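Biologist: I have a few questions about how labels get attached to a model like this one. Could we go through it together?

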Amino acid sequence: MVKPTVLNEYPISMIDIKIELEKIKIPSLEDVRRNIIVFIGHLEKSKGIQLVIGAMEVISKKNPDIILDITGTGPYENELRKMVKENDLERNVRFLGVMEYDKLMEYLPTCGIALATYVGDPYNITYYADPA
């Protein structure tokens, strides 16, 4: 939600970023699709999703029903799509694009594994957010 406001006589817009927990419906264990791995985010090299796509070739041989759902878009998307095609992973990797918030809150809890990837680079701001 964007809230127009004034700070020191200058008009600014504040963007409220939060997760509305009441919109997340916890599915029963039977409704969790254990074969779905999901990534949600801006598709750029520093996020590291290419590492997962690279691993999907091995993972999909051991578990042919595994699916990596990539939700989001970004400047690295075309390169990731090329990587999927070159490794013949179209059956196991799906690009879902941008998903409407309420739909995302419904979809996410039904996935077996959710990823938070990034490349360990001290120049990447995500590096400093890692609690490890």
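Modeller: Gladly! One term first: contact here means heavy atoms within 4.5 Å. Keep in mind too that this is a predicted model. With that cut-off, the buried residues of α2 pack against α1 (49-62) and β5 (93-97).

Biologist: Which residues of α2 are the buried ones?

Modeller: In this helix, residues 77-86, they are E77, L80 and V84. They lie on the same side of α2, because the arc they cover around the axis is only 65°. In general, an α-helix has 3.6 residues a turn, so residues three or four places apart point the same way. On the other side of α2 you will find N78, K85 and E86, which are exposed.

Biologist: Why is E77 called buried?

Modeller: The cut-off for buried is under 20% relative accessible area. E77 has 13% relative accessibility, so it counts as buried.

Biologist: What is E77 in contact with, leaving aside its neighbours within four places in sequence?

Modeller: Those partners are L43, G72 and F95. The side chain of E77 also has a polar contact of 2.5 Å with the side chain of T73.

Biologist: What makes that pair, E77 and T73, a polar contact?

Modeller: The limit is 3.5 Å between N or O atoms, with one able to donate a hydrogen and the other to accept it. The 2.5 Å between the side chains of E77 and T73 is set against that limit, and the pair is listed as a polar contact.

Biologist: Now the interior. Which residues have the most contacts inside the largest nonpolar core?

Modeller: M56, L68, I70 and V93, in a core of 16 residues. Two or more residues come from each of β3 (33-40), α1, β4 (67-71), α2 and β5. Of these, α1 gives the most, with four residues.

Biologist: How do you know that M56 reaches parts of the chain beyond its sequence neighbours within four places?

Modeller: By its contacts: leaving those neighbours aside, M56 is in contact with I37, I66, I67, L68, L89, N92 and V93. There is also a second, separate core of eight residues, including V38, L104, M105 and C111.

Biologist: And how many helices and strands does the protein have?

Modeller: Three helices and six strands, in the order β-β-β-α-β-α-β-α-β along the sequence. Among contacts with a separation of 6 or more, 74% join residues 24 or more positions apart. Buried residues make up 30% of the 132 residues.

Methods:
Residues numbered from 1 in each chain as written. Predicted model: local features only at pLDDT ≥ 70, side-chain atom pairs only at ≥ 80, totals over all residues. Heavy atoms only, no water. Buried < 20%, exposed > 50% of the residue type's maximum accessible area, 1.4 Å probe, protein only. Arc of directions from axis to C-beta. Core = buried A, V, L, I, M, F, W, Y, C linked by side-chain atoms within 4.5 Å.
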